[in-house]
Amino acid sequence: MLEIKNLHAKAGENDILRGLDLTVRAGEVHAIMGPNGSGKSTLAHVLAGRPGYTVTDGEVIYKGRDLLALAPEERAREGVFLAFQYPVEIAGVSNVYFLKAATNAIRKHRGLPELDALEFLALVKERAKVVELDDELVKRAVNEGFSGGEKKRNEIFQMAVLEPALAVLDETDSGLDIDALRIVAGGVNRLRGPERAMIVVTHYQRLLNYIVPDFVHVLVDGRIVRSGGKEMALELEERGYSWLEKEPAAAPAAGR
Amino acid sequence: MAAVAEDKDAYRAGFERFVAAHAASDPAWLRERRTAAFARFVERGLPTPRDEAWRHTPVAPLTQGRFEPADPAAQPSADALAAVPREGFRGATLVLVNGRLSTELSSLPSDQPGVALGSLRGLLRREPGRAEPWLGRVADGRTGVFADLNTAFAEDGAVVIVAPGAILKEPIHVAHLSAGDGAPAVSYARTLVVAGRGSECRLVESFTSSGATASLTNAVTEVVVEDNAFVDRYKLQQEGASALHVATLAARLGRDARFADHSLSFGAALSRNDIDVRFDAAGGDCALDGLFVVDGRRVADTHSRIEHAQPHCSSRELYKGVIDGQARGVFNGLVVVRPGAQKTDAWQMNRNLLLSREALVHSTPQLEILADDVKCKHGSTTGQLDANALFYLRSRGIGEAEARGLLTWAFASDLVRKLEIEPLRRAVGRHLQARLPGIAALAEALP
């Protein structure tokens, strides 16, 4: 589904990604871990097409197409979803309206008929249950006055409605208490499926107790220095990252 | 300076003709007020770019054009009539063509308990005493030279007098329509609203003009809110792209009186709003808000002045501007707190959204506080669309143009939501929908 080859990218003027390789197949969940500043969030943003990042080398092939050539909205319509680390508050636009506009933009792109208000509300009601999101929050302005946990739940709720093929979760766990983390992870787990791939970017191993990944990759200085199974996360929790930062980059294990 | 003198001569000749034509029908007090207003105009002249109040607003189109008085008997075209936002208004609608009330086009329900509605000219003929305390006194010399010209030249207008204690359920719609043959012409739109003690009313004033008319609308609205009364006024300005619009709103508030004004400026090449609110007694409350949306090379200017002359009064002001293309927005808000106006509570905010690099805004909030036990706050922000929000929407599949439209709508929506008159809210929604891409179902977008 996704093939990242030798990706080099700058955030503003700074070189952040320095030759990243990663292959993700449908149905797989990949965890990306690494110390602060290693390039985890840059990777997430580059995949979603956030302005302010420049790809200087390498390529990203998504479903056989050059992902980097697509505008952010085109990526979304093709099934890429980014759960934001810092979801944006948009006063004056209701969650429901925003999601309906997004859903119908995506459906139109795929040649599907647009959902009318009733059909859409039924969908929203059902999907809000995935993350136990209150009806009242669904109707409120996008993320306005939401707590940190509610914002993250809202991200997963949006993912549940938009049904992406590739979901990139950027530190969806940071700042969550354990109850909120359980709800968010529970929502993510319910959205796992054979047709859907996920890249879970996290700073803390704790999340991976709840979202059990198929693969764990360690990102240091803009490159994947080590890849392994879920048990590697525990090792990282114990030993930290410093021992990896000193080691020369290992050949990245892509996929299986 | 020769040009200025020439201007004055042209106006003077016009005024002499006007006085001769109306000498018989005007009451003596009105003749005096017209003469005094015209004398103030002669003394001050039309504004120049050197006038502080016009420093950021290009005055040339207003002062260089030769505007003949618009024909009050003109027949507006079907298009011009269709532009008047009448749909959904169930109450009385007064239609004024080039300043004169058209009984044919107006719809005045026969039984209007608690309110006297109609033509100012008619009132001056029948019961001039009811206009005498206010007409030309609420908007006095302080409100500027265009208001003076209106006082001197307005031959008719709309009048709304609400009886003490009357609570009017349906909003009254005063529709001002500029209709011309394309030649530069000025119409003087005049409205007088007097809300008697303890009464409540809602008033919508709409301004439209027929397509290509290079018209100048010079409007003056005088509002008197007597003790414990409430006037909620809405203004929708949708004049044509080459129209010039200069409007004065002057309000006086009695004890515990409440006044609200909501101003929506969407049309005209140049639109200027001068607002002057005075608290004449303690306990008054005034809320002013406004939204202007300009693009191309258009200019929208709001100057407000709220005078707290009495204790325990509060005022709230929120003006928002959306400026695109090479357009320009001007806001100047002055709040004056006189000595002795203790416990004044005043809040003023101006927010502007620039949608292009060449868009420009001049924002000047001012407080002048001469009392020592008051709560006053003001502020001003000018910015562009939030890049993070834009990316957030796009990352969900919403196209860039639609995302910009949605965020622009979001910026303006709190003011639109406040419009409590449903047909007006819908008219505003339709207007913004036509101007912002991607806003398919505005009602649903409201949180």
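This tour moves through a predicted model, from the contact between two chains to a sheet and then to a nonpolar core.

Begin by displaying chains A and B together and selecting the contact between them, where 25 residues of chain A meet 23 residues of chain B. On the chain A side, α2 (72–77), β7 (90–94), α3 (95–109) and α6 (148–162) each supply at least two of the touching residues. If you colour that side of chain A by class, you will find 17 nonpolar, three polar and five charged residues.

Next, stay in chain A and select the open sheet of six strands, which has mixed pairing and follows the order β6-β9-β10-β3-β11-β12. Its edge strands are β6 (80–83) and β12 (223–228), each of which pairs on one side only, and neighbouring strands are turned by 20 degrees against each other on average, direction ignored. Within this sheet, select β3 (residues 29–33) and β10 (residues 197–201) of chain A, which pair in the parallel sense over four bridges; here A:I32 stands opposite A:V201 in β10(A). Then bring back α6(A), which lies across β6 and β9 (166–170) of chain A and runs at about 165 degrees to β6(A).

Finally, select the largest nonpolar core, a set of 204 residues in which A:V168 and B:V225 have the most contacts. Helix α9 (residues 400–417) of chain B gives the most to this core, with nine residues. Because domain 1 (2–281) and domain 2 (391–447) of chain B both contribute residues, the core lies between them. To end, centre on B:V225, whose contacts beyond its neighbours within four places in sequence include B:A195, B:V231, B:L253 and B:F259.

Definitions and conventions:
Residues numbered from 1 in each chain as written. Chains lettered and ligands numbered in written order. Predicted model: local features only at pLDDT ≥ 70, side-chain atom pairs only at ≥ 80, totals over all residues. Contact = placed C-beta atoms within 7 Å. Nonpolar A, V, L, I, M, F, W, Y, C, P; charged D, E, K, R; others polar. Pairing = 2+ DSSP bridges. Axes fitted to C-alpha atoms, helices over the stretch in contact; angles between N-to-C directions. Core = buried A, V, L, I, M, F, W, Y, C linked by C-beta atoms within 7 Å. Buried ≥ 20, exposed ≤ 12 C-beta atoms within 10 Å, placed from the backbone. Domains from an automatic or database assignment.
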